[in-house]
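Here's a quick walk through a model, with the sequence and the 3D view side by side. Have a look first, and then we'll go through it piece by piece.

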Amino acid sequence: MTPDLLEEGAQRREQLATAAASGKTESGGRQAGFSRIATPGEVDVTHGRILYLEDVSVSFDGFKAINKLSLDIAPGELRCIIGPNGAGKTTMMDIITGKTRPDEGTVFFGSTIDLLRYNEPQIAQLGIGRKFQKPTVFEQLTVFENLELALKTDKRVHPSMVFRLDSAQGDQLAELLHTIHLADSVNRMAGNLSHGQKQWLEIGMLLVQEPRLLLLDEPVAGMTDEETERTAELFLTLKGKHSLMVVEHDMSFIRTISEIVTVLCDGSVLAQGTLDQVQADERVIEVYLGR
Ligand SMILES: Nc1ncnc2c1ncn2[C@@H]1O[C@H](COP(=O)(O)OP(=O)(O)OP(=O)(O)O)[C@@H](O)[C@H]1O
Ligand SMILES: [Mg+2]
């Protein structure tokens with residue numbers, strides 16, 4: 001690449017970042033072309049939704065795991081999803097992230113990006129990060145090296161540009177290490193971290209890619225009470241800057257972080273409201289106690 005092209009690319013990235021920070025889209029809020037691959041920062045949230053699912057269904061060998069599921073999430077929202085085992089929570093995340101194709105329905109990221117047109121790596125690149133239940137960090141590398149690697153594998157950053165961004169990225173990493181409670185463990189081998197710390201590191205590895213939407217499946221499973229509390233703090237810090245969808249069975253954790261709670265059951269929304277509201281709902285009590 002010529003220096004001119006590099007310069008142009010850097011300027012474009014900066015413009016996109018400024019636009020994203022101001023909430024503007026590149027198209028100035030107009031409908032973007034459907035055939036174009038959108039770049040991160042271009043998610044059009046002028047209709048007040050970052051994620052929109054309508055009448056989504058998927059069957060596995062005739063069993064409807066997701067059944068006419070409709071739900072939407074506002075930009076910056078921290079949405080909690082609860083529901084009994086087998087309700088379809090993980091399958092819903094599989095559909096949003098392109099791991100599973102629904103048989104029917106609509107899945108949009110912002111109001112212009114039809115996620116069903118993209119595959120799993122493209123969806124990650126569009127700005128949807130996913131955290132699976134089991135931590136998957138590189139155990140033989142230090143905390144810092146893990147984060148650095150995540151930064152380098154960010155497909156938006158051209159390898160030859162990495163060195164140009166070093167000082168800004170250094171500041172970004174320092175701030176991130178503080179946010180994920182690992183500032184004191186920067187040179188420790190990831191393999192020597194506690195389970196909770198590994199989970200935070202993996203969340204950090206997602207965050208360096210600056211996702212607009214983060215999907216977290218049972219993030220506090222297996223954590224100590226203290227780690228769970230710190231994770232709640234972390235999520236509350238992330239809210240607003242990112243949109244989060246958090247699936248959890250730990251109700252005291254949900255109580256600490258939740259605004260709106262969606263209850264899934266048999267592949268669709270059974271109830272939605274504050275935790276107190278849904279916990280007082282007869283149908284919710286029935287599915288939790290009646291099984
Ligand atoms: N690839 C698949 N093939 C066949 N059945 C599947 C597949 N994925 C999920 N299922 C079934 O779909 C249903 C929903 O599963 P899912 O894992 O989404 O539930 P969940 O709400 O995440 O449950 P849990 O709280 O236990 O994690 C289950 O009955 C599960 O066995
Ligand atoms: Mg699950």
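How many bridges join strand 4 to strand 5, and in which sense do the two strands run? There are 2 bridges between strand 4 (residues 104-109) and strand 5, and the strands run antiparallel. Within this pairing, F108 sits opposite D114 of strand 5. Keep in mind that this is a predicted model.

**Two sheets**

That pair belongs to an open sheet of 4 strands, ordered 2-1-4-5, with antiparallel pairing. Strand 2 (63-73) and strand 5 (113-114) are its edge strands, each pairing on one side only. Helix 2 packs on this sheet, where it touches strand 1 (51-60), strand 2 and strand 4. The direction of helix 2 makes about 65° with that of strand 2.

There's also an open sheet of 6 strands, in the order 6-7-8-3-9-10, and here the pairing is mixed. Its edges are strand 6 (128-131) and strand 10 (268-273), each with pairing on one side only. From one strand to the next, the twist averages 20°. At one end of the order, strand 6 pairs with strand 7 (residues 213-217) in the parallel sense, over 4 bridges, and G129 stands opposite L214 in strand 7. Helix 10 (residues 282-289) lies across strand 9 (261-265) and strand 10.

Here are the angles for the helices:

| Helix | Partner | Angle |
|---|---|---|
| Helix 2 | strand 2 | about 65° |
| Helix 10 | strand 10 | about 125° |
| Helix 4 | helix 6 | about 30° |

**Around ligand 1**

Helix 2 (residues 89-96) turns up again here: with 3 residues, it gives the most to the shell around ligand 1. The full set around the ligand is F60, A65, G83, N85, G86, A87, G88, K89, T90 and T91. Sorted by class, the shell has 3 nonpolar, 6 polar and 1 charged residues.

**A helix pair**

Now for helix 4 (residues 143-152) and helix 6 (residues 195-207), which pack with their axes 8 Å apart, at an angle of about 30°. Angles under 35 degrees count as roughly parallel, so helix 4 and helix 6 are roughly parallel to each other. Their crossing is right-handed. On the helix 4 side, V143, N146, L147 and A150 meet L201, G204 and M205 of helix 6. What's the make-up of this contact by class? The residues divide into 5 nonpolar, 2 polar and no charged.

Note on methods. Residues numbered from 1 in each chain as written. Chains lettered and ligands numbered in written order. Predicted model: local features only at pLDDT ≥ 70, side-chain atom pairs only at ≥ 80, totals over all residues. Near = placed C-beta within 6 Å. Nonpolar A, V, L, I, M, F, W, Y, C, P; charged D, E, K, R; others polar. Pairing = 2+ DSSP bridges. Contact = placed C-beta atoms within 7 Å. Axes fitted to C-alpha atoms, helices over the stretch in contact; angles between N-to-C directions. Parallel < 35°, antiparallel > 145°, perpendicular 65-115°, else oblique. Left-handed = near helix turned anticlockwise from the far one by under 90°.
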